[in-house]
Amino acid sequence: MLDKINNFGIKKWLVTLISILFITDIIILLDVPFLREFMTFVSFTTIPGILILHVLKLNKIEFVKKIVLLVGLSVAFLIFMGLLLNSLYPIILKPLSLMPVLILSNVILIILAFIAYIRNKNDFNLNNFLNLNINLKGKLVSPLIFPALFPFMAVFGTYLMNLTQNNFILLLMLILIPVYIVIITLLKDRIHDATYPFALWTIALSLLLMHGLTSSYLMGRDVHYEYYSFQLALQSFHWDINTYLNPYNACLSITILPTILQSLSNLNGEYIFKIFSLIGSFIPLVVYIVSKKYLENKYAFFAGLLFSFQLFFVYLLGAVRQEIAILFFFLAIMILFTADVSKTIKKILFVIFMVSVVVSHYTTAYVSFILILPILLMPFFKGLFIDKKLKFTNFDVIILLFLFILAWYLLFGKVQANAGSQVLQSTIAGSGDRGDYVLGVLGIVLKSVPNTISVIVHDLIFVTIGIGLLTILRNYKKFIKQMDPEYIVVIFVSIILLVMFLVLPYISVAYDAVRLFFQLLIFLAPVFIIGAMKIAKIIKRPKWDILIVLVLLISLFSCATYLQYHFYGEPYSPDYDSNGLVRNEAYIYNQEVIGATWLKDNYMNNYTTYSEGRGLIVFLTAYGSGGTNMNLNNSLFSWNKTVDEGYIYLGYLNVNKNKVQPVYTNLNMQNMSNYSNLFLRKSKIYDNGGSQIWL
C-alpha cells in the first residue's frame, strides 16, 4: 500500500482531485439529494486549499498544520472568488448564482492544478503530503478512537432534545467529555500523540454541534442580523452594500460566503449557518499548533481546551462573522511563528489571511492590527536601537495591508469605519463613568450560587494567567530562549488591551471583554499553562501542575455548558434544559414562525405589530430579507402602555409558559399576568397553540 502511494505522482494526484471536482459538479447539476450537500462542502472546503498548498510547495509541513491551512485557504478562496464574481455585476445580473459560481470556481481550480503540476512535477511524493504517520505499536488504540463518539452524540442528542425534550444523551456527552480528558491524562505515555489533536477537534465539534443543531432555526442574537444580511445577498444573488447600510452587510463572511455555499449545495439557508460549526471546529487546533511550539503536546492540548471551553466558543455560531475572522486571524499568527515555511511563502500566506480578516469582521480586524503591528515593526525597532541601522524587513507587508484596508474601507467598509469611530468617541465621552462596567468586567456582580461559581472559576483563570505573566517577567532570560521575542511582546500587548477594558469600560459595551479575551487566547493560552506550573511550584507540589490545570479546565467546562446551573436546580442552558432561561430567549419554535407568516399574509399596512423583546428575531426568521419591511415594535411590554390599534403578537414563551421578555437583550423574564392591561378591548384573531395574534 505504501509503495503504491509513493508511486502516486503529482500528475495522478492532481487528476484525482480534478476528477473529484468534476464528479461534484455533476452531482450538483443533477441535484442528487444528500450527495449534493455533502460533496459541495467536502470538495469546496478542501480542494482549493490543497491546490494552493501545492502551488506554494507546502507539501511536507506537519499533517495537523496542513489540515487547518487547507480549510482556511479554501474558505478564503470562496470569499474572494465570490467577490471577483460579484464585481462583474451588471454584466452578469446574478453573479452569485449557481452557473457563474460553478464555472469560475472550476476554471480557477484547473488553473491552480496546472500551476501546481509545473511547480511539483520533479519532487512530489504523495506519502510526504499525506504524512499522517500513526505508529500505534505499544500505544492504546481506544483513546484515539473513542472521542469520535462525541460528535455523533451531539447530533443524536440534539435531535432527541428537539423532538422529545429528552436531554439524556446530551448530558451523558457533557459528562463523558471531562471523564475522557482525565483518563487520557492519566494514561500519559500509553497514548499516541495523534490522540491530542483528534480529541481536541472532536470535542470542539461536539460543543458547536450541540448548540448549532438546537432548534430548526438559528440560535443567538447577532446571528439573526447576520442571516438577514445573507438573505439580502441571496435574494438577488448579488451582494450590494447599499441595500443595507449596516456593518453586518459589509462582512463577506456572512454575505458572499454563505450565498456561494447555498448556490452550490442548495441547502436551506439556516443550515448553511449551522454547518459553519465544521469550520469553527478547526480553530482550537490552531491554538494547539501555536502552543505546541512552546509547550509539550499534552500541555498544548490543555491550551486548546482552554479556548474550546470558553462560553463564546460554545455559542460561536451566534456570531458567524467573528468565527470566520478568528479562524483567519489565528492562521495568520500561526504562519508568523511557523519555522518550517520560507519567508516569502510566510508573507504570502500572512497577507492572504489578514486581508481575509478585514473582509470578514470589522472589530476583529481592528484588534488584529493592534496585535500584529508590534510584531511586524520589531525588526525595524531592533535595527534602530540595537543594531543602529534602519531595517525595513516587514514594511512591504505593512504597506500592502495598509493599501488594501484603505481601498476596502473607501469602497465598501465606510459603515464599518463609522462604527469604529463611534465606539472611540463614546469611549472617550464615557471614560469618566466606570462604576458598574468595571464591576461587570471584574466579575464582582454576583446574582446566584451558580453565577458565583462561574465568577470564581473565571477569576481563577485570570489569576493563573496573571501568575504566568509574572513568571515570564521574572524569568525573562529563560523564556526568551524558549519563546519567540515577538510572541512575548504580543503577550504583553494582549494584557494591556485587557486592562484597557477597565480603564475605558465603554469599550466592553461596544465590544465586550468576552470576545476580546477569546481572540487574545492565541497568545494567553500558553501563559495559562505556565501559570499553572508556577502555582504547583509555589505550593511545593511541582507534579500537581496537571491536576491544577484539570481542575480549572473542567470547572470552566461546567460553566461554559451551564452544568452548574443544571445540577443546582436552576434550568439555564439553551441546549439541554427545556425550560432554561437562555433557551426561553433564543429558541424559536415552529408555531411562532407559522404565526408570524400568517400575520404577513393577512397584514394591514397601516397597522403596527407589537411584540415582546424577542419578537424581532421571530419576524426576521419568518420573513427573511423582508423581515424589516413591516412596522414592528418590540417594546410594547417594556412600555407597558395600552395601544389603541395594531396587532399584538405573542410567541411560545408568552402562550405556553406565561412569561414575557420585555427587553430583548435582557434575560429578566416577567409574568404575563403583569401585562393584562395591554389586552383590554382586544380580540384574539389567531391561535395555533404556540403563538397568538390579538387585534
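Which residues line the largest cavity? Before I answer, let me say that what we are looking at is a predicted model, and that I will go from the enclosed spaces to an open pocket, and then to a helix pair and a sheet.

The residues that line the largest cavity are His211, Gly212, Tyr217, Leu218, Met219, Val223, Phe273, Lys274, Leu317 and Gly318, and the elements that contribute two or more residues to that lining are α11 and α14, the latter spanning 269-274. By class, this lining divides into six nonpolar, three polar and one charged, and the space inside comes to about 70 Å³. The structure holds three cavities of 30 Å³ or more, and the second largest of these has a volume of about 40 Å³. Around the second largest cavity we find Thr185, Lys188, Tyr196, Lys298, Phe302 and Ile546, that is, three nonpolar residues, one polar and two charged.

Turning to the open spaces, the second largest pocket contains about 900 Å³, and its lining is made of 35 residues, with Phe63, Val64, Ile67, Phe282 and Leu285 lying nearest its centre. Two or more lining residues come from each of α3 (35-44), α5 (63-86), α11 (195-212), α15 (276-280) and α16 (283-292), and by class the lining of this pocket has 25 nonpolar, seven polar and three charged residues.

Next, the helix pair. Helix α2, residues 10-30, and helix α6, residues 98-120, have axes that come within 10 Å and cross at roughly 175 degrees, which means that α2 is roughly antiparallel to α6. Among the residues making this contact are Leu14, Ile18, Leu21 and Phe22 of α2, and Leu102, Leu109, Ile110 and Tyr117 of α6; taken as a whole, the residues of the contact divide into 15 nonpolar, two polar and two charged.

Finally, the sheet, which is open, has five strands in the order β2-β1-β3-β7-β6, and shows mixed pairing. The edges are taken by β2 (632-633) and β6 (684-687), each of which has a single partner strand, so one side of each is left without a neighbour in the sheet. How many bridges join β6 to strand β7? There are three, and the two strands, with β7 covering residues 692-694, run antiparallel; within β7, Ile693 is the bridge partner of Tyr686. Across β1 (609-610), β3 (647-650), β6 and β7 lies helix α33, residues 590-601, which runs at about 165 degrees to β3.

Methods
Residues numbered from 1 in each chain as written. Predicted model: local features only at pLDDT ≥ 70, side-chain atom pairs only at ≥ 80, totals over all residues. Heavy atoms only, no water. Axes fitted to C-alpha atoms, helices over the stretch in contact; angles between N-to-C directions. Helix = DSSP H or I, 4+ residues; strand = E, 2+ residues; numbered from the N terminus. Parallel < 35°, antiparallel > 145°, perpendicular 65-115°, else oblique. Contact = heavy atoms within 4.5 Å. Nonpolar A, V, L, I, M, F, W, Y, C, P; charged D, E, K, R; others polar. 1 Å grid on protein atoms, 1.4 Å probe; cavity = no way out; pocket = protein on both sides within 12 Å on 5 of 7 lines; lining within 4 Å. Points joined across faces, edges and corners; volume = space filled by probe spheres on them. Pairing = 2+ DSSP bridges.
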